[in-house]
Amino acid sequence: MFSLTSCLYISAFLFSTGVYGVLGRRNILVVLMSLELMLNAVNLALVAFGRAYAAQDLAAAHTGQIFALMVIAVAAAEAAVGLSIVLLVWRRWQSIDVRDLCRMHG
Amino acid sequence: MDFNPSLLALIPILPLIGFVLNGCFGNRMGRQFVSIVGCALPITSFVIAFRAFQALRGSESEAIRHTLFEWIHVGSFQVDMAFTFDGLSAVMCLVVTGIGSLIHLYSTGYMRGDKSYARFFAYLNLFTAFMLMLVLGDNLLVLFVGWEGVGLCSYLLIGFWHEDAANCDAGRKAFIFNRVGDLGFLIGVFLIFTLFGSVNFAEILVGVESISDVTAPASSLNSAMPMWGTVAIGTLITAITLCLFVGATGKSAQIPLFPWLPDAMAGPTPVSALIHAATMVTSGVYLCCRLMPLFSLSPQTLGVIAAIGACTALLAALIALSQTDIKKVLAYSTVSQLGYMFFAIGMGAYSAALFHVVTHAFFKALLFLGSGSVIHAMHHEQDMRKMGGLRRQLPFTHLIFIIGTLAIAGVPFFSGFFSKDEILFSGFFAAFHGHDGHVHFQDQLFWGMATLTAGLTAFYMLRMVALTFWGKSNVDDKLVDHVHEPGGWMPFSLAVLAVLSVFGGILNVPELLHWLPFVGEERTFLLGNFTGLHHAHTGIDLDALHKLEWTSLIISVGVGATGLAAAWYLYGPGRALLDGFVNGAGKKLVRISENKFYIDEVYQILIVTPFQFASYVMFILIDRFLIDGVMVGGSALVVRSFGEFFRRMQSGFVPAYLLTFGCGALVLLFIMMSLLNGAG
Amino acid sequence: MEEFLKHSLFGLSGLLGVVCAVLVVTRKNPIYSALFLIVLLGTIAIDFFLLQAEFLGFMQLLVYAGAIMVLFLFVIMLINPRGDSLPDEGGATDRWVAFGVALLIFSLLFTAIAKSPRLKEFDSFPGMAAVPETVMGTPARTADHGSLTAFGYEMFTTHLFVFELTSILVLSAIVGAVHLSLRPRRRKREETEAALDSSHGREEHAHV
């Protein structure tokens with residue numbers, strides 16, 4: 001049960017669920033959370049691949065993990081900027097509807 | 001006398017420095033500065049030129065040469081920015097710097113009140129620099145730079161008072177007419193390079209010698225001219241000289257390119273004197289003299305030049321008869337006198353042509369500056385019908401005009417007499433003796449035209465004096481009290497030029513008149529011998545030659561005297577007779593003359609209208625349709641329709657972006673899968 | 001026994017993660033989504049531990065669950081959207097389109113994973129290669145924190161450039177976030193300046 005393929009299946013499922021959340025939901029907060037979900041799915045895949053190759057080369061495992069670490073950093077940055085925008089949008093229009101973002105172009 | 005050749009370069013460079021100083025700082029530094037810079041530098045040039053002239057006379061060598069820098073060195077094509085100071089250049093240089101300096105001095109008075117004082121002197125200095133480059137150039141390209149430069153300055157100075165659209169039009173007209181001529185000139189230069197493999201005057205003349213010397217091997221010419229293999233060299237030389245002559249007709253206002261010169265009178269009067277009478281317009285004559293051996297090789301070209309010269313002289317004189325604008329009379333007179341010079345060249349009398357360039361520069365500059373004084377006194381009134389009786393108020397200017405008129409009319413022992421007589425004699429010799437022993441009818445015709453022109457010249461010049469200074473006053477009452485003699489440096493310039501106009505003939509007294517005072521046997525044909533252009537008439541013994549010369553001299557003096565007498569009578573005691581003729585039998589003739597033989601109208605119909613039509617077609621077809629419509633409008637349409645299309649995608653509607661993004665990712669994923677499947 | 005524990009832990013965490021993921025994207029109130037997301041992040045951290053990426057697992061818990069999700073919760077609490085201020089979640093069409101795209105992506109990934117012959121070679125995570133005794137003269141296996149020394153060495157040598165890039169990215173994100181949240185204060189200052197202008201006149205202002 002604990003195998004590379006099953007890790008990848010879980011990762012693929014989480015990713016697809018994230019895609020659904022991003023495309024189907026209109027709440028900006030949920031959209032942002034779905035994005036985090038997708039990033040985590042990718043992280044899982046990266047680490048799993050790294051672990052799978054570690055039998056031959058330890059550096060491969062580390063490369064996957066470092067990649068995942070960078071993704072976490074990027075996610076943190078994205079969340080910080082994204083959420084401050086959400087706050088501003090809320091202050092301006094009292095809305096967290098994705099569709100209302102189009103009002104930003106005047 | 002020692003003369004450092006590198007000083008030669010200073011002659012054109014000094015006025016150029018004046019141009020830069022006056023052009024850049026003139027407006028800030030004030031009139032005093034502009035006047036000093038504007039006049040001192042050309043005068044310094046004159047001093048240097050004079051020193052060079054003395055050095056040249058004292059030395060054995062033919063010329064002083066100086067290479068300023070290597071200009072174009074491409075393969076066998078070698079051109080240097082080099083100057084040559086030989087006899088011909090020396091004469092032209094002294095005329096340009098000498099008369100130029102006098103006119104600069106005159107301008108300090110004439111332009112005193114003008115708001116663009118600095119600009120005027122900057123242009124005038126620039127003109128002097130280019131003109132000196134033209135006459136000092138060691139090769140055709142340096143000459144061409146000067147040639148174009150003086151054309152540019154002419155344009156700038158004709159349109160100097162550019163607030164008036166008519167002045168700008170006159171400037172453009174001059175520029176366009178000159179362009180037509182310059183095209184011919186350039187083609188001539190190209191042909192010369194093809195034939196001789198060089199544009200250097202010295203090398204061209206070496207090539208010419210080898211052509212005229214039948215025994216010379218052909219290899220001394222440019223061997224790389226296969227394209228001319230089948231064309232006889234004689235034909236090619238005729239083509240070259242004709243092309244160069246086309247250039248000369250443009251610059252020197254000959255038929256068919258003369259109408260710009262009368263219009264050029266729109267510029268300030270000192271400009272008319274310097275550029276459009278004394279110096280620039282004679283550069284065509286200079287070119288022919290410079291390449292004299294080449295022109296001499298083609299009798300056909302010389303025939304054409306003689307015909308055009310004689311026709312221009314007569315036509316311009318006929319037009320001048322009826323002009324009422326004082327400067328227009330002088331302008332047509334200039335065209336006519338230039339015709340004389342070309343007539344002389346056509347007759348092979350190069351030294352006579354150059355001599356006439358010099359004397360004409362003296363007396364025509366004098367007349368123009370004199371007319372400038374009149375115009376200045378009359379507050380820019382140029383119409384002679386509104387003058388008259390000015391002799392009492394402007395006695396000095398009147399004297400100046402009398403001297404100028406006598407000189408141009410060829411009254412014995414004034415400067416114009418000698419030069420004009422020499423030209424007429426060369427025509428007379430060709431007409432009634434013949435260079436090769438044969439007499440040709442067309443030579444007799446040309447001589448007749450030239451002689452008639454001499455009479456007409458005397459007539460219209462005295463007419464001008466009579467209308468302006470004699471008779472009863474037609475001056476506007478408001479102006480009468482303001483009429484005054486010029487002040488400052490203006491009388492000085494006039495006086496110097498007057499002296500030159502009276503005594504200038506001493507430069508080239510014919511052998512026939514060696515008994516005149518201050519002359520003597522050894523001082524005849526000074527100018528011709530100095531420049532090496534003089535050719536003694538051959539194939540005739542001295543007594544017979546003298547007989548011919550006396551006949552010619554008496555005829556020309558007689559014709560001139562008749563013209564003067566007729567003008568004196570018709571515009572004095574016999575005024576009624578003239579009025580009767582003008583209003584009666586001669587009405588149509590006068591109208592033709594007044595309308596300049598409808599030359600401008602002919603140009604309008606033959607050239608301007610078709611050109612405007614073609615331009616209009618081009619405008620509609622190329623500019624409006626192809627460029628505006630298809631290219632500009634079309635590209636705008638493409639961009640706009642793309643924009644219209646993509647604008648819809650930029651809705652700012654985030655779900656739409658996300659959906660697009662998701663679909664794109666899907667497609668990419670699909671492609672990657674297929675590729676991997678295909679590979680694995 | 002240990003293997004069985006591993007397998008069952010992985011199975012449970014995977015199942016929990018899947019359920020939580022579905023709940024994250026379907027809950028109407030974002031506060032529930034956030035809570036389920038935290039659980040989901042925890043399950044992924046468990047997976048990281050199982051995959052012997054202990055450092056990353058701790059980071060996941062600290063940074064993600066500890067920092068990012070706290071930020072999310074703060075924002076949700078600040079906004080506190082409920083009832084009619086929650087966006088209306090649109091018609092079924094939009095959801096079906098989104099579902100279709102998601103399903104397509106999943107099926108593509110699924111096929112790719114299922115069909116790949118190479119995946120089978122490493123399927124059961126064979127034992128890891130030996131961790132080096134020392135790294136740069138320092139003993140690498142001093143304690144039970146796995147291959148952390150080697151990991152750090154790897155990160156600050158081979159991947160140093162990426163690391164620096166990421167730090168710049170985070171820095172600019174901080175500046176951006178600060179700038180965005182400072183805006184209202186600046187507007188206030190402009191207003192006071194305008195008031196000063198009108199009271200003191202233009203020339204004095206130009207002099208200043």
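In the predicted model, no salt bridges are counted between chain C and chain B, the number being 0. The side of chain C that touches chain B is made up of 7 nonpolar residues, with no polar and no charged residues among them. In keeping with this description, the count of residue pairs in polar contact between chain C and chain B, with both residues at pLDDT 80 or more, is likewise 0. The contact itself draws 7 residues from chain C and 6 residues from chain B, and the two chains bury about 650 Å² between them, of which 94% lies on carbon and sulfur atoms. Within the contribution of chain C, Val101(C), Ile105(C) and Leu108(C) account for 60% of the area that this chain buries against chain B, which is more than any other three residues supply.

Attention was next given to backbone geometry. Most residues other than glycine have a negative phi, and most peptide bonds are trans. Against this background, the peptide bond that joins Ile255(B) and Pro256(B) is cis, with an omega of about 5°; Pro256(B) is placed in the loop of chain B that runs between α8 (233-252) and α9 (260-263).

Two residues with positive phi were also noted, one in chain B and one in chain C. Lys596(B), although not a glycine, has a positive phi of about 55°, and this residue is found in the loop between α24 (587-594) and α25 (599-649) of chain B. With a relative accessibility of 23%, Lys596(B) counts as partly exposed, because that value falls between the limits of 20% for buried and 50% for exposed residues. In chain C, Gln52(C) has a positive phi of about 60° and is not a glycine either; its position is in the loop between α2 (30-50) and α3 (54-79) of chain C. The relative accessibility of Gln52(C) is 30%, so this residue too counts as partly exposed by those limits.

In chain A, helix α1 (residues 4-24) was examined for its length and its surroundings. The helix has 21 residues, which at 1.5 Å a residue should span 30 Å, and the end C-alpha atoms of α1(A) are 30 Å apart, in agreement with that expectation. Of the 21 residues of α1(A), 18 are buried, and the helix is therefore largely enclosed by the rest of the structure.

Methods. Residues are numbered from 1 along each chain as its sequence is written. Chains are lettered from A and ligands numbered from 1 in the order in which they are written. This is a predicted model: local features need pLDDT of at least 70, side-chain atom pairs count only at pLDDT 80 or more; totals for chains, interfaces and linings use all residues. Side-chain values use heavy atoms; hydrogens and water are left out. Contact means heavy atoms within 4.5 Å. Buried area is the accessible area (1.4 Å probe) that two parts lose on being put together, summed over both. A salt bridge is a side-chain nitrogen of Lys or Arg within 4 Å of a carboxyl oxygen of Asp or Glu. A polar contact is a pair of N or O atoms within 3.5 Å; within protein, one must be able to donate a hydrogen and the other to accept it, and residues adjacent in sequence count only if both atoms are side-chain atoms. Ala, Val, Leu, Ile, Met, Phe, Trp, Tyr, Cys and Pro count as nonpolar, Asp, Glu, Lys and Arg as charged, and the others, Gly among them, as polar. Helices (H or I, at least four residues) and strands (E, at least two) are DSSP runs, numbered from the N terminus. Buried means under 20% relative accessible area, exposed over 50%, partly exposed in between (1.4 Å probe, protein chains only). The expected span of a helix is 1.5 Å times one less than its number of residues.
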